[in-house]
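Please open the model in your viewer and keep the sequence panel beside it. The tour below goes from one selection to the next and says what is to be found at each stop.

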Amino acid sequence: MTERKLGRGVAIVGAGMSRFGTFPGRASRDLFVEAFQAMRESVDKGLDPRDIQIMYLGNYSSDLFEGQGHTAPLMADWVGLTPVPALRVEDACASGGVALRQGILAVASGLYDIVLVGGVEKMSDLPTERVTDTLATAGDVLYEIPAGFTFPGFYAAMATAYMDRYGATPESLMAVGRKNHENGALNPKAQFSLTIADIMAKKIAGAEKRGRPVPTWRDEMEFLHDHQANPIISWPLRLFDCSPITDGAAAVLLVAADLARQFTDAPIHIIGSGQASDVALHDRPDPTVIRAAERASHQAYEMAGIKPTDVKLAEVHDCFTIAEILASEDLGFFERGQGYIAAEEGLTRRNGPRPINTSGGLKAKGHPVGASGVAQAVEIWHQLRGEAGARQVSGTPDLALSHNVGGTGQTCVVHIYERR
Amino acid sequence: MSPHSFTHAEYLAHLQNHVLAASRCQNCGELYLPPRPLCRRCFAQDMRWEELSGRGELVAFTVVHIVPSAMLEAGYDQDRPYVSGLVRLEEGPTISALITGVDAHHPETIRVGSQVRVVFPRGDQDPGPAPLVFEVVSES
Ligand SMILES: [Zn+2]
């Protein structure tokens, strides 16, 4: 494959997100305004919004979630950007990461110097089964969905194949969820700012208050094995293996690298970008490998001129716990069949040698589908600038990676970021 | 089976006649399930229908408890889960299908690698929301 380079350097000079959670009465536009304002406040030397030249918006399905199509100009209007071009980018759960890539390409092309990349999703207005149906439309509605597959179901099938092949167990998956809740507890913007132990304590206190039978879990693992507290969604995935239904938005400001110092003395440079597509899950030779992630990361590593071992921290697409384990192998962090052992041994914890999802990941931070890929870049912006607060990775990391998957891996987009 | 346009509708019509049909490229020999009109290997558009044996192997599965609307209407729910899986046919292609002949309430007894065979609804039976069903016939 020919080595691909960006036409010119691209840097992030501002990044912010709304709080993630479920917010009755707040529409997409309200969440997007919150993210836009957080982004503006993050620009060290200030941003005049009138200098923004185009906006790319990651959004999966405002049509089905909110009954609202043509979302990008609406969001642009609510943050005062019209008449600049505004367009929506849709690649299922990878919409945000793909919008980021389109923004990068727009700057690298030389056509635009200052680009806003947004992501937004308002999911919580629909009842759960209709959210399930809406997410399922990211699969093949003729050949996959009529087999009864749901999104948790697809990833659960990858999990049974992986467990059969390598000897992983449901407990291996639980290690990922526990870690991501530990990180999310340190993220004030996260949907779940609670560890599993915090959630247990809250449930016990709630039962005592209402005079109900008080649960007697000895530890987090006993809680996670409790069918009442942690019901099976799609075997072997339980509730705490699945990312939640989330409302939220995120925004990132991209500029040509030679303009970056006008905005900040600490820009974050985009040094690698890759994207790939793939066939339906049943059509792939091995359901335990997300080939689009392998390909996208190879492209990004090659463009950046780095190896997987150079990456100091990564935000990966843990829509389900098994997805984080597969990602840690697809990205080359661990050998095939070793990702679950790494998770069990704590290698991917915040203080471990290979921190993954310091933000709490999709699991604990929340997964407003079209915003997730942009929110990954927001976390990396904070970490590489040493501004991640209580969850800051020590040793002033200078190189990070984001990995955003659409559907079951029909899309994957990977970015590599550097603080110079 | 006569050559056609290899649509989903034609595939379903074959299933209704108790035939699991794939499309085979007459130029390079590649076999496709789901069937498709254009060969993605050689880009020829010269397919022919081919009946598959209906025998295969379970390569991945899940027991679905939080069910989509269509399955809810068919009588499944959190306490009445069903099994979906990926089946690799002995002719090569792999397809998504509903899996029967297993105990959905004891998922640890369901084995990747189990042998399966296609089952068709009897004439008087409602085919339900899942047109393609495989039954586990023996464990691996
Ligand atoms: Zn061919």
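Which residue in strand 4 of chain B does Trp235(A) stand opposite? Select Trp235(A) together with strand 4 of chain B, and the residue that stands opposite Trp235(A) turns out to be Val63(B).

Before going further, note that this is a predicted model, in which local features need pLDDT of at least 70 and side-chain atom pairs count only at pLDDT 80 or more, while totals for chains, interfaces and linings use all residues. Residues are numbered from 1 along each chain as its sequence is written, chains are lettered from A and ligands numbered from 1 in the order in which they are written, and side-chain values use heavy atoms, with hydrogens and water left out.

**Stop 1: the strands around Ser234(A)**

Select strand 5 (232–235) of chain A and strand 4 (residues 55–64) of chain B, which run antiparallel and are joined by two bridges. Strands here are DSSP runs of E with at least two residues, helices are runs of H or I with at least four, and both are numbered from the N terminus; two strands pair if DSSP finds at least two bridges between them. Within this pairing, Ser234(A) stands opposite Val64(B). Now add strand 6 (residues 237–238) of chain A, which pairs with strand 5 of chain A in the antiparallel sense, again over two bridges. A hairpin through one residue joins strand 5 to strand 6 of chain A, and in strand 6 the residue opposite Ser234(A) is Leu237(A).

**Stop 2: the interface of chain A and chain B**

Next, select the residues in contact (heavy atoms within 4.5 Å), which are 29 residues of chain A and 35 residues of chain B. The two chains bury about 2,600 Å² between them, 59% of it on carbon and sulfur atoms; buried area is the accessible area, taken with a 1.4 Å probe, that two parts lose on being put together, summed over both. Highlight Tyr143(A), Trp235(A) and His282(A), since these supply 27% of the area that chain A buries against chain B, more than any other three residues.

For the polar features, show Arg40(B) and Asp283(A), which form a salt bridge whose closest N and O atoms are 2.9 Å apart. A salt bridge is a side-chain nitrogen of Lys or Arg within 4 Å of a carboxyl oxygen of Asp or Glu, and the rule finds two of them across this interface. Colouring helix 6 (151–166) of chain A then shows the element with the largest share of the side of chain A that touches chain B, namely six residues. That side divides into 16 nonpolar, seven polar and six charged residues, where Ala, Val, Leu, Ile, Met, Phe, Trp, Tyr, Cys and Pro count as nonpolar, Asp, Glu, Lys and Arg as charged, and the others, Gly among them, as polar.

**Stop 3: the two domains of chain B**

Finally, hide chain A and colour chain B by domain 1 (8–51) and domain 2 (55–138), bounds that come from an automatic or database domain assignment. The C-alpha centres of these domains lie 23 Å apart, and the contact takes nine residues from domain 1 and ten residues from domain 2. About 860 Å² is buried between the two domains, of which carbon and sulfur atoms give 79%. Select His18(B), Leu20(B) and Leu33(B), which supply 53% of the area that domain 1 buries against domain 2, more than any other three residues. Across this domain interface the rule finds zero salt bridges.
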